[in-house]
Amino acid sequence: EIDFILKYIYFYVFLLVLAFLLSFIIFIKNLYSKLFREYKIHIICGATKKSIFIRNSVFVLSLSVFNFIIINFLNRFNYDIIFFLNIGLNLVFVMLLEFVILNMLIREDLSTTLMGGE
């Protein structure tokens, strides 16, 4: 019976993680679309796509580190399956979000021409 219940719990945890990943991707894309004009201004002032990527990476890494610390605090910093699951999930989140940011920066044209219909 316990094995049967655990199989259902793992399925719902997987769905929860998938929903969390999807919401993070939507959040980052929405944030990027709102900051697109600001990124163009930064490009005009001399910033590069690399500096914009680093700025966004600091945001993603700070979210991940904060999440890692809170989950380990709630787990009383025990080295068990939750600790290693936390490490794995945080690495997946960071790599996925960094890939999304990098992909958006590569695909977007942040050139200074035709800014705002000029």
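**Entry 1. Second largest pocket**

I looked up which helix gives the largest share of the lining of the second largest pocket, and found α1, with 5 residues. The model I am reading is predicted. Both α1 and α4 put at least two residues into the lining of this second pocket. I wrote down the residues that line the second largest pocket: Ile9, Tyr10, Val13, Phe14, Val17, Ile81, Ile82, Leu85 and Leu89. Sorted by class, that lining comes out as 9 nonpolar, no polar and no charged residues. I noted its volume as about 210 Å³.

**Entry 2. Largest pocket**

Next I turned to the largest pocket, which has a volume of about 250 Å³. Which residues line the largest pocket? I listed Val13, Leu16, Val17, Phe20, Asn67, Ile71, Ile82, Leu85, Asn86, Leu89 and Phe93. Three helices, α1 (2-34), α3 (49-74) and α4 (81-107), each bring at least two residues to this lining. Of these, α4 gives the most, with 5 residues. The class count for the largest pocket is 9 nonpolar, 2 polar and no charged residues.

I then compared the two lists. Val13, Val17, Ile82, Leu85 and Leu89 appear in the lining of the largest pocket and also in that of the second largest.

**Entry 3. Cavity**

I asked how many cavities of 30 Å³ or more the structure holds. The count is 1, and I recorded a volume of about 60 Å³ for the largest cavity. Its lining consists of Ile28, Leu31, Tyr32, Tyr39, Asn56, Phe59, Val60, Ile101 and Met104. At least two lining residues come from each of α1, α3 and α4. By class I have 8 nonpolar, 1 polar and no charged residues around this cavity.

**Entry 4. Helix α2**

Tyr39 is in the cavity lining, and I met Tyr39 again when I went through helix α2. This helix covers residues 36-44, and its buried residues are Tyr39, Lys40 and Ile43. Why do they line one face of the helix? Viewed down the axis of α2, the buried residues fall within an arc of 100°, so they sit on one face. The general rule I keep beside this is that an α-helix has 3.6 residues a turn, so residues three or four places apart point the same way. The buried residues of α2 pack against α1 and α3. After α2 comes Gly46, and I noted that its phi is positive, near 110°.

**Entry 5. Aromatic pairs**

I looked up the aromatic pairs and got a count of 6. One of them is Phe20 with Phe93, an edge-to-face pair at 5.1 Å centre to centre with 65° between the planes. Phe20 belongs to helix α1 and Phe93 to helix α4, so the pair ties together parts that are 73 residues apart in sequence. Are the two residues buried or exposed? Phe20 has a relative accessibility of 35%, so I entered this residue as partly exposed. Phe93 is at 7% relative accessibility and therefore counts as buried. Phe20 and Phe93 are also both among the residues that line the largest pocket.

A further edge-to-face pair is Tyr79 with Phe83, for which I have 4.9 Å centre to centre and 85° between the planes. Tyr79 is exposed, because its relative accessible area is 67%, over the 50% cut-off. Phe83 is buried, because its relative accessible area is 13%, under the 20% cut-off. I also found Tyr79 and Phe83 together with Phe68 and Phe84 in one aromatic cluster.

**Entry 6. Loop between α3 and α4**

Last, I checked phi in the loop between α3 and α4. Arg76 is placed in this loop, and its phi is near 60°, a positive value in a residue other than glycine. Arg76 is exposed, with a relative accessible area of 68%. Phe77 lies in the loop between α3 and α4 as well. What is the phi of Phe77? I noted a positive value of about 55°, although Phe77 is not a glycine.

How values were computed: Residues are numbered from 1 along each chain as its sequence is written. This is a predicted model: local features need pLDDT of at least 70, side-chain atom pairs count only at pLDDT 80 or more; totals for chains, interfaces and linings use all residues. Side-chain values use heavy atoms; hydrogens and water are left out. On a 1 Å grid over the protein atoms alone, a cavity is a set of points where a 1.4 Å probe fits but cannot get out, and a pocket is an open set with protein on both sides within 12 Å along at least five of seven lines; lining residues have an atom within 4 Å of a point. Grid points are joined across faces, edges and corners, and a volume is the space filled by probe spheres set on the points. Helices (H or I, at least four residues) and strands (E, at least two) are DSSP runs, numbered from the N terminus. Ala, Val, Leu, Ile, Met, Phe, Trp, Tyr, Cys and Pro count as nonpolar, Asp, Glu, Lys and Arg as charged, and the others, Gly among them, as polar. Buried means under 20% relative accessible area, exposed over 50%, partly exposed in between (1.4 Å probe, protein chains only). The arc is that of the directions from the helix axis to the C-beta atoms. Contact means heavy atoms within 4.5 Å. Rings of Phe, Tyr and Trp (its six-membered ring) pair if their centres lie within 6.5 Å; planes under 30 degrees apart count as stacked, over 60 as edge-to-face and the rest as tilted.
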